[in-house]
Amino acid sequence: MLVGAYSWGIISDNYGRRKGFLITAMVTASAGFLSAFAPNYTSLIVLRCFVGIGLGGGPVLSSWFLEFIPAPNRGTWMVVFSAFWTVGTILEASLAWFVMPTMGWRWLLALSSLPSSLLLLFYGMTPESPRYLCLKGRTEDTLHLLEKVARMNRTQLPPGVLVPDHQIELNGNWVLSEDTRMLPPRTDEVATSDSVKHKLGAVSSLVMLLSPRLIRSTLLLWMVFFGNAFSYYGLVLLTSELSTRRTECFPAKLLPEKPHDDVGYKDVFLASFAEFPGLLLSAMAVDRLGRKLSMSAMFFLCCIFLLPLVLHQSQALTTSLLFGARICITVTFTVVYIYAPEVYPTSVRTTGVGVASSVGRVGGMICPLVAVSLLRGCHQMAAILLFEIVIVVSGICVLLFPFETKGRKLNDSISNLKEVNAFL
């Protein structure tokens, strides 16, 4: 997923969101289905790695969807978009709960690949991002797409001239509103600048992410994505680890007897429902309180929920505290995937989110190697304190973000960020 998040972001910024979507869906579906027929463990690991590469294309989809949404409702609709991740998590846990004991893991992998296969059916009806088309100088294609959107919404395009951001930069005396740029008449086609037709390579895209105008946002986002992934997947693992390791780390006479059949799937299934309240909180807060306040408040509240787990607690209290922490980290995970694409301009949007997501995957990989290993060594206090430190640092990084993006229009090129910084 680390490789995929980085690679698909670059591909989508250079060759289009639709192509990135098509390739990720094909890789995920084919590798997922073939892994059900893996003849040995090595081939299974290789195929699951390809599944991870395909799934790493998630930032492509979020950035693509974001570029169609008007600024006033952007946060709420992105939360709705994120809700399908939670629905998929619950359905997968349900599927594993019923399929694994009776039909085995091969059937689970085969059935789990079907949703990705169904995505391919929608490829023909999904439009390219108008912002991407406009950035690449394809104004006629942008016009066709905007007219189609207007017809679907039973409205008409207001008069205006389609002027990409790069042409506004070349003609600094033009002063046009965001609506004017996006609503062109067919008769006044604007000439395409040759400078837009170049393809950004991987190195130049990274250099742009670390340019003076973006480096602060980029480094802070990397920290927050790392902390989010470390905490999110850590809480998922804690749900089962604190249950299964209780009998190993504490005297059996202090623990109630209970059957352990399917406890892992059941705990994941129940804990996943904590994400629904988190999504509701995200929807209520993201366009009212803003991205920064929503994330920072939930990071610090998550610390409060986890703090009692420094010491051994009853199973009921442990589950309740993890449920509350899972709600908080769901909010931060959801909101950061809204904030990150809003920070970056269209020219490097999916690359920026993809690289940040790759850094997050590093956190997801380190978490079981460090924190969960501490739990398995009966060092619960050290493990929970490690989570606390990572979460607090992430919350501080959110407070250091250079600007709030609530209600702010998306930028199409890095030069427009100068206006934002000047305003702030």
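This tour moves through a predicted model, from the whole chain to selected helices, residues and charged pairs.

**The whole chain**

Begin with the entire protein in a cartoon view. The protein has 21 helices and zero strands. Of its 424 residues, 50% are buried. With the surface displayed, the accessible area comes to about 19900 Å², and carbon and sulfur atoms account for 70% of that area. Contacts reach far along the sequence: among those between residues at least 6 apart, 80% join residues at least 24 apart.

**Helix 18**

Next, select residues 315-343, which form helix 18. Its 29 residues should span 42 Å at 1.5 Å a residue, and the C-alpha atoms at its ends are 42 Å apart, so the expected and modelled spans agree. The helix is mostly covered, with 23 of its 29 residues buried.

Move to the N-terminal end and display Ser314 with Leu317. Ser314 caps this end of helix 18: one of its side-chain oxygens lies 3.3 Å from the backbone nitrogen of Leu317.

Within the helix, select Thr332. Is Thr332 buried or exposed? Its relative accessibility is 0%, and Thr332 therefore counts as buried, the cut-off being under 20%. Add Asn228 to the selection; a polar contact of 2.7 Å joins the side chains of Thr332 and Asn228. Leaving aside residues up to four places away in sequence, Thr332 touches Asn228, Met295, Met298 and Phe299.

Phe323 is also in helix 18, but its setting is another one. Its relative accessible area is 33%, and Phe323 is thus partly exposed. Select it together with Val87, Leu91, Phe273 and Phe276: these residues make a nonpolar surface patch of about 400 Å².

**Charged pairs**

Now display the acidic and basic side chains. Side chains of opposite charge can pair when their charged atoms come close. The structure holds five salt bridges, and three of them are visited here.

Start at the helix already in view, with Glu342 and Arg291. The closest N and O atoms of this salt bridge are 2.6 Å apart. Glu342 lies in helix 18 and Arg291 in helix 17 (residues 291-306), so the pair ties together parts that are 51 residues apart in sequence. Both Glu342 and Arg291 are buried.

Proceed to Glu67 and Arg349, whose side chains meet in a salt bridge of 2.6 Å, N to O. This pair links distant parts of the chain: Glu67 is in the loop between helix 4 (58-66) and helix 5 (74-99), while Arg349 is in helix 19, 282 residues apart. Glu67 and Arg349 are each buried.

For a pair in another setting, select Arg138 and Asp141, which form a salt bridge of 3.0 Å, N to O. Arg138 is partly exposed, with 40% relative accessible area, and Asp141 is partly exposed at 34%.

**Helix 19**

Finish in helix 19 (residues 349-376), where Gly352 is located. Gly352 has a relative accessible area of 0% and is buried. What does Gly352 touch, not counting residues up to four places away in sequence? Its contacts of this kind are with Leu209 and Tyr344. Select Leu209 as the last stop: Gly352 and Leu209 are 143 residues apart in sequence, yet their C-alpha atoms are 6.6 Å apart in space.

Methods
Residues are numbered from 1 along each chain as its sequence is written. Side-chain values use heavy atoms; hydrogens and water are left out. Helices (H or I, at least four residues) and strands (E, at least two) are DSSP runs, numbered from the N terminus. The expected span of a helix is 1.5 Å times one less than its number of residues. Buried means under 20% relative accessible area, exposed over 50%, partly exposed in between (1.4 Å probe, protein chains only). A polar contact is a pair of N or O atoms within 3.5 Å; within protein, one must be able to donate a hydrogen and the other to accept it, and residues adjacent in sequence count only if both atoms are side-chain atoms. Patches are made of residues with over 30% relative accessible area and no salt bridge: like charges are joined within 9 Å, nonpolar side chains (Val, Leu, Ile, Met, Phe, Trp, Tyr) within 5 Å. Accessible areas come from the Shrake-Rupley method with a 1.4 Å probe; for residues, only the protein chains shown count as cover. A salt bridge is a side-chain nitrogen of Lys or Arg within 4 Å of a carboxyl oxygen of Asp or Glu. Contact means heavy atoms within 4.5 Å.
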